[in-house]
Every structure is written in C-alpha cells, then in structure tokens.
Amino acid sequence: MDVGGDTYRQLVVVGHGPAGHRLVETLRERDTAGLWRITVIGEEPRPAYDRVALTSYLTEEADLTFPAHDAQVTVRIAETVTGIDRAARTVTTASGEVIGYDALVLATGSAPFVPPVPGRDLPGVFVYRTIDDLEALRAHCTARPGAAGVVVGGGLLGLEAARALQGLGIDVHVVEAAPWLMPRQLDEGGGAMLRRHIQQLGLTVHTGAPLQGLHPGPDGTVAQVTLGDGTAIRAQVVVFSAGIRPRDELARACGLPVGERGGIVVDATCRTADPAIFAIGECALVDGTVYGLVGPCFAMAETVADHLAALANGTTAQAAFGGADTSTKLKLMGVEVASFGDPFASRAGGALDVTYTDPVAGVYKKLVVSDDARTLLGGVLVGDASAYPVLRTRVGAQLPGSPEQILFGGTEPPGGELPGDAVICSCNNVSAETIRGAIRAESLTDVPAVKECTRAGTSCGSCVPLVKKLLDAELTAAGVQVGKALCEHFDHSRAELFDIVRVRQITTFTQLITEHGRGRGCDICKPVVASILASLGRGHILDGEQAALQDTNDHFLANMQKNGTYSVVPRIPGGEITPEKLIVIGEVARDFGLYTKITGGQRIDLFGARVEQLPKIWKRLVDAGFESGHAYGKALRTVKSCVGSTWCRYGVQDSVGMAIRLELRYRGLRAPHKLKAAVSGCARECAEARSKDFGVIATERGWNLYVGGNGGMRPRHADLFASDLDDETLVRYIDRFLMFYIRTADRLQRTAGWLEELDGGIDYLREVIIEDRLGICAELDEQMERHVAGYSDEWRDTLEDPEKLRRFVSFVNAPDVPDPSIVFEPERDQIKPVLLAGPKLEVVTR
C-alpha cells in the first residue's frame, strides 16, 4: 500500500487474546522500520488480558489487562469478523466494514466444549472462559448464598473454577469423566494424590463418572445434576470446563483446510494453505496437535512475527515452530502440582518409573527415566513440586545423580551450574544462557529487570525461583552484592516492609502491594505481610483479606499433624496450673478421644482433633479460662520456668512469677519466627534459659538477661546481654530486644541467626537497646505497650464470630461428617494415628 508517498504493509489480526497480543508486541519489536500497519479486531469488549490468571479476577478483582500497543496499532474491541475474501484479501466485520490486508493472522482461540447433554442450556449453567463469563457467574452465586454447585471437568481450568466457586461460598462437586483428575498432565498415582488433597479442602470429587443430564427446579433454573452411575447432585450453579474446541469457523467458511476434530491446519511457520494467512494459538493445528497452553501459543506468535518482519524487509526468516514444552507447574488451592517432559513414558525404547508415595504427607513423586536409569524423560510431582524448576531443565539430559537421590532433593545444582541450553521458562522458551547473557550485557540486577528483558517468568511464573538463582549466581560471580528483596513482588526486604507498614499505617496487603509492590503477591510475601500486620496490631488474623494470607496452621489456628488432624495447645503461663484446669483438660481429652502429652515447654498438648472438632474443643477450654497457646503461629510459644525461690531451697528469685509476667506480656506477639523463652531461679539453670531466644537467670541482686539462643539443628547458647537487672529494667530491655528483632529480622529468621548476622553483634545490640544509639527506644517501648494493651485471644474472638467459624469443616457439604481417612489405634492407653499406606519408593520396569 502507498499512502502519502510512504509504502507500508497492512496486517490484520483477528482475535485479541494472549497469542494475538504477543504477536503484535513481538512484531513491533522486530519491525524496526515500522513497515507494518496493524489492525487488531477482538470480540470481547475489552483489550487483551492474562487468561492464565483468570481466577484471580474473580477472587481478587485483579487487573489482568496486558500493556497497550503503540500508535501504529489500531485495536478494535467488541467487533466481530464475519467473513474472509481470500481473493480480494479483505475481511468483513459485523458492522459491514471491509478491511484490506497484505497478511492476515487468525488468533481466534478456542471455545469451551459443552457436552450435548439434556439441560445444558438451563439458566444457572455457565462456562469458564472470559471475564464476562466470570462476572455473570459471580452475580449468579452472590444472589444464592450457600448454594451447591457442580464443575464439569477435573482438568487445570476445572479445578481453578472449583476453587473460585468455593471462594464465593458455594458447596462444590467436581465431576470428571476420566478415572482421575488432570488426566492430561498426571498419571493415576498423581491424580489420586491430588484428589486426596482436593477433598481435604472441602470439595467432593467424582471421577470415572460421565455427565448424564441437568434438571431444572420449580423456577426453571438448574437444580440437579445426574451422573452416568445414577448419582444425583443438588446444584444451583453448573460450570462447564470440560475442554476446548478450536475457533476455526472463519477458516472453514473461506475454504482453508481444517483438522478432522477441528483446528486450522498450518505448517511449521504457522502458515495456512493460503500464503497470506497465518493461524496461531488455540485455533491452530500444528502437525496434528492443538496446543492449549500459553507457552506453545506464544512460541507460534513469535514464529509468525519473525516471518512477517522478514517479509516486510524482503528477506526470508528461518523461524519454525517445532512443537513446545508442555510442562506445567501450578498451585491448585494450595496444592503444588507439576508435570514435565513425558510423564507417561510414551516414547519408544522402554523406560523405568521411579515413584515415591507418602499419603500421610500428601506427597507423590514420579520420575520416568531411560532403561539404564541415566536419562530423565519426564515426571509428575504432587504435594511437593520444589524440584520442578531444575528437573524440567534436565529432561532429555543425563541425571546428575541417582533417581532416588533426585526425588529426595539431594542433588539440585545451584543456578550457575545449569547447562546453557536448559529451558528455564517454557512459556516463553527462554534458556539459561539467554538469561545469563542478558544479565551480563544489560547489567541487570533484579528479577523484574530480567523478566522485562527476557520475558522469562512473565507468564505462569513457575520459573521465577530459578531465574532468581541464575541472577544471584551471575551477580555473585561478578562481585556484585546480591539484593535482599523479599520476592519478585517487592523490592524491599522484610525489615523495610515492616517500616513501610508501620510508618504509613498500612492495614491491608492489597494497599501495601498497590503502593509499594507489583503484581498479586505469592506464597513468600503474603504470609510475611500477614505476620507484619499482626505484629503491628492490624486486626485479627482471620479478618477479611488477612485470612487469605495465612499459612495452613494459622488458617485453622491449630498445628496440623502428620495424619491430617490438629493439635490443641492451650496456654499455661510458666507451667503453673490449678487442679480445676487440669480436670478440664482431662475431660476434654477424654470426651474428644485426644492424645495428651506434657511438652518440654511446660504445657499440655492435645493431639488428634479433626478440623470440625476444633471450635467445640476450644469452646470448652475458653469457658474454663484457657486461651490460645499459639503453637501454630510464628509467635511467642512459652516462657518455661523452674519453681524458683517459692519452693526450691536453691532459688534466689521468684522465677515462676517472672515467667508468668513475661508470658502474659508477650502472648500473641507475632514475629519473623517462633519465640521461646525461660526463666531460671538460680545459676543451676533448671529451666535451660540459655537455649532460648531470650532467657533469664536469677542472681542475688536481680536477673541476668541472655539473648539469641536456640536448640534445634544448630544449637546455640544465648549471649549474656546484661547483668543484675531489676524487674522493670529487665522487662524494658526484653521489650526493646523483641521489637527490634521483629522490626529488622529477615523472613523465617530465628533470633540466633539474626544476632549472628547483626553488624556489630551483641555489642551493637547493647548500644541500640541500652544506650539508644539509633534514637528508637521510645518507639520500641511504645510499640510493645500498644501490643500489650491491644491483646485479645484469637480463639475467643473466633468463637464469637460465625463467619470465622465457617472454615472449620472437613467437608463443606457435610460439616459434621468426619474425614474417613483419619484412623487411630490404641497404644499405651491412648490413641496413635494409623498410617493407612506408608511412604514407599518403587521402581517399575516397562
């Protein structure tokens, strides 16, 4: 085309989803001379957005919109192309407009598959594909609180839909026709383990159960679903997520070849039978395959962008789409799931399966290796996918150790040792060497910069930890100090975020990440921010948005045990307890059939409580005067003590009284890690005070204060901080020590590690706490006083709030039904958990 003396080519892109957006974005980068004028036509009433994160729109109302294109791109939204004239090289829109093209790209995506069953058109039946679908679904569910729902399809998107419905207060059943969940990604063992996790979260799963029909209620909307085995399920909302079908109707109508089961036939350059027309994404059929993952769709878009850029310049591109890595890692309702390489060992030549199963921990791992056990072919991980980033890069390569060593995580190489051709980001096909080269050439110093420069980690995000390892390895090798950013969503350390929240009086995670971060957060930053908010007294940890930030234990205000039950640990300050309270604990343990044990922290643990029993147990304990012992939280656990001068002939101070005073003062204090303390009544040290985060030992003239001790894997004796302190000075110094630690420590850092890393060590700490070197002692004092004044027992508050109590069920649809997988047997006149199937390592030869 020649306009005003300028010659350019006209590209029309039909479809403005992720693939279409990536095509345009890549072409604008590579068409440096600006020879293409681009028109994008999209059906939806909004620009392109991130479908991978679709559920977050429903649960968090997140903004998923991709960055806008530049001025050389015209985007027409809410417009439909109705026909293609290949001879004239034009497309016609629903409004009657005719638009000419030199090249046409069909990026029409796919449509949800809805099985041809009776009742599929009833009101209350939805698909899960677009933002409009989600908005309609939310409106329907909001108008029906407490309704029951069915999700048809147990694949990736189906389970995402189930999670979203559960978040809207719906009692959810998942129906999957295949024998197990996620049949395209997982084998039978992985699917079974995933099912166990999903059901523990309150969803009901039906597998091997084809849908038979949907039936209306009196008002004409859907009310019931029946399955092929005769099962009837109450359902006021039904969501179909049973697969996709390529949108190839435009191609069919203009005579382009399509596959027998759909999809526009294209060659390795993504070109159709018409040289001027390309097809990319979920509408394209490449070598007999339609790809439904974002990585292959992006790879097609970049292939076509290369050819279009070369076409405008009069050159020939060599780019070709030769298939793609279909590895997947995601977190479904808190359950890590990953599949990589060929998990079903479909390659010829034989293979070995090496599997590890631990049904108690909910972990299933399988590696598929060559018959000589030296080459990794693929694998499945459920419950623990921490090895996925490294394992995926090793597919097709020689294993760095024996399969069983790799399964247990003992041979993970540091980021700098990964081979250069290892694909780090399968979504965007970015290798380790590409990332290393960009870091060196562009002097990149943080993960966001690497993501912007290479696109690695910008789609599903599962490769970000490995990107960070590569970055840290390169910076370290170059002599650059590695930054202490908490995660990719915040450029600040935990200590910096603490001060931001404190100074700016921030009260929610959303406010913090909006004003000082990016994205929607992750499993690293969300619990950290939750802890910071709790440390600063920003409300109950289960209030509103706070509840969604918590780890599993805090989520149920109890410590999960190996068989899926929980422990109940009431606070017993200083280990001092009346006979009446002892009787109550005994009666509760007897009536609920719990295992009881006196702990090293001088209190009584009650084990074996099912989640739905927790409120009933705590109601009786709270009524008897007990409160939460915070055994589940990163908070003060206990202040242990000996009997001190009250009873012991060697005691020189009242250690019990001081221990009770300290425990009641610091109870509920949230910190970067758990806190333990002790008070000994004399130098004989029966309370083992020097093995605690802070310990107090009585002297003839007062108290000696020790800080920075711990037991565990790396025992450390606490350091003497100050000697012969009176009661008030002792408490004041502990106040400041704890608040300074909470303010400045890293994520999950005990006081021992914090003190060892503190520049200047114990001497500097004395200068801060005693001499007020930083001028912050008044602030630290005030923060602690605010904590003490604002303390409220978390379990008492929970029992008084019906909304908080709704979470304490094993099964949403049957709140009083116990989990049938929890079994006990007697031992020494108490119960012990029965492990229905213990961990096992298995090698199977094909």
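Are Y291 and F321 buried or exposed? Hold on to that one for a moment, everyone, and welcome. Before I answer, please keep in mind that what we have here is a predicted model. Now the answer: both Y291 and F321 are buried.

Let me stay with those two residues. Their ring centres are 5.5 Å apart and the planes meet at 85°, so we call the pair edge-to-face. Y291 sits in the loop between β22 and α7, while F321 belongs to the loop between α7 and β23, so to speak on the other end of that helix in the chain order.They are 30 residues apart, and the pair links distant parts of the chain.

A second ring pair is made by Y741 and W754. Here the centres lie 5.4 Å apart and the planes are at 65°, so this pair is edge-to-face too. Y741 comes from helix α21 and W754 from helix α22, 13 residues apart. Are these rings buried or exposed? Y741 has 0% relative accessibility and counts as buried, and W754, at 4%, is buried as well.

How many aromatic pairs are there in total? The count comes to 13. Some rings join up into a cluster: F556, Y566, W618, W795 and F808 are linked by ring pairs.

Rings can also have a charged neighbour. R22 lies over the face of F298, 4.0 Å from the ring centre. Likewise, the charged end of R245 sits over the ring of F113, at 3.9 Å from its centre.

Next, the sheet. Please find five strands that form an open sheet, in the order β11-β18-β12-β13-β14, with parallel pairing. Which strands stand at the edges? They are β11, residues 125-127, and β14, residues 204-207; each has a single partner strand, so one side of each is left without a neighbour in the sheet. From one strand to the next, the twist averages 20°.

Let's zoom in on β12 and β13. Five bridges join these parallel strands, which cover residues 148-152 and 171-176. As an example, V151 has V174 in β13 as its bridge partner. Across β12, β13 and β18 lies helix α4, residues 156-167, running at about 170° to β13.

My last topic is charge. Side chains of opposite charge can pair when their charged atoms come close. In this structure there are 55 salt bridges, and I have picked a few to show you.

Start with R76 and E97, whose side chains meet at 2.5 Å, N to O. R76 lies in strand β5 and E97 in the loop between β7 and β8, so this salt bridge ties together parts that are 21 residues apart in sequence. R76 is partly exposed, at 25% relative accessible area, and E97 is partly exposed at 31%.

Then look at D384 and K365, which form a salt bridge at 3.3 Å, N to O. D384 is in the loop between β27 and α8, K365 is in strand β26, and 19 residues separate them. What do we see for accessibility? D384, at 23%, counts as partly exposed, whereas K365, at 10%, counts as buried.

My third example is D781 with R736, at 2.9 Å, N to O. D781 lies in helix α24 and R736 in helix α21, so the pair ties together parts that are 45 residues apart in sequence. R736 is buried, with a relative accessible area of 11%.

Finally, salt bridges can form a network: R22, E25, E29, E302 and R455 are linked in this way. You have met R22 already, over the face of F298. Thanks for listening!

Definitions and conventions. Residues numbered from 1 in each chain as written. Predicted model: local features only at pLDDT ≥ 70, side-chain atom pairs only at ≥ 80, totals over all residues. Heavy atoms only, no water. Pairing = 2+ DSSP bridges. Helix = DSSP H or I, 4+ residues; strand = E, 2+ residues; numbered from the N terminus. Axes fitted to C-alpha atoms, helices over the stretch in contact; angles between N-to-C directions. Contact = heavy atoms within 4.5 Å. Phe/Tyr/Trp six-rings, centres within 6.5 Å; stacked < 30°, edge-to-face > 60°. Buried < 20%, exposed > 50% of the residue type's maximum accessible area, 1.4 Å probe, protein only. Lys NZ or Arg CZ within 6 Å of the ring centre and 35° of its normal. Salt bridge = Lys/Arg side-chain N within 4 Å of Asp/Glu carboxyl O.
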